[in-house]
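Grab a pencil and open the viewer. Here are a few exercises on helix packing and odd backbone geometry, each with a worked solution.

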Amino acid sequence: HIVKEVENKLRRSKNASIINISSIYGFLGPDWKIYDKTKLGNPAAYSVSKGGIIQLTKWLATTLGPKIRVNCISPGGIKRNQDQKFIKKYINKTPLKRMATEEDIVGSVIFLSSDLSKYITGHNLVVDGGYSVS
């Protein structure tokens with residue numbers, strides 16, 4: 001995989017950091033009520049693959065440390081022209097009362113790739129507007 005291809009270069013780097021992108025569905029089951037009466041679904045394969053990314057992050061963190069840090073970001077729903085019924089239900093379930101934008105994830109990437117997080121590895125940073133708190 002790609003990590004094997006770049007591992008030697010990362011080991012020579014001063015502050016090597018790998019950031020994987022998963023999803024809240026990597027650790028949460030879907031709330032089927034928000035999908036009811038919409039054209040959207042939530043296939044099992046999506047959740048299984050996203051859960052695998054979270055576990056791969058932990059495996060890589062213990063395998064590549066201490067020289068290379070490996071973390072994961074699990075965003076909540078990102079607004080991308082979904083069915084309005086779905087958006088309304090999603091927003092009602094989220095404490096910040098909105099879906100994410102791509103820009104909402106950027107700060108997490110900057111944080112995990114910087115020295116501000118130099119003692120963080122194997123972590124799954126949830127960026128979901130509070131969706132997963134309930």
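Keep in mind that this is a predicted model.

**Exercise 1.** Work out which residues of α4 are buried and which are exposed, and what the buried ones pack against.

*Solution.* Start with the exposed side: Glu103 and Ile110 of α4 are exposed. Now turn to the other side of the helix, which spans residues 103-113. Here Ile105, Ser108 and Leu112 are buried. Looking down the axis of α4, you'll find these buried residues within an arc of 55°, so they line one face of the helix. Last step, the partners: the buried residues of α4 pack against β1 (16-21), β2 (68-75) and β3 (124-127).

**Exercise 2.** Find out where the loop between α2 and β2 holds proline 66, and check whether the peptide bond leading into proline 66 is cis or trans.

*Solution.* First, locate the residue: proline 66 sits in the loop between α2 (44-64) and β2. Next, read omega for the bond from glycine 65 to proline 66: it's near 5°, which makes the bond cis. For background, most peptide bonds are trans.

**Exercise 3.** Compare the loops and accessibility of lysine 37 and lysine 97, then look at the phi of each.

*Solution.* Take lysine 37 to begin with, in the loop between β1 and α2. Its relative accessibility is 65%, and exposed means over 50%, so lysine 37 counts as exposed. Lysine 97 belongs to the loop between α3 (84-93) and α4. With a relative accessible area of 47%, lysine 97 is partly exposed. Now phi: lysine 37 has a positive value of about 65°, and lysine 97 a positive value of about 55°. Neither lysine 37 nor lysine 97 is a glycine, and most residues other than glycine have a negative phi.

Notes:
Residues numbered from 1 in each chain as written. Predicted model: local features only at pLDDT ≥ 70, side-chain atom pairs only at ≥ 80, totals over all residues. Heavy atoms only, no water. Buried < 20%, exposed > 50% of the residue type's maximum accessible area, 1.4 Å probe, protein only. Helix = DSSP H or I, 4+ residues; strand = E, 2+ residues; numbered from the N terminus. Arc of directions from axis to C-beta. Contact = heavy atoms within 4.5 Å.
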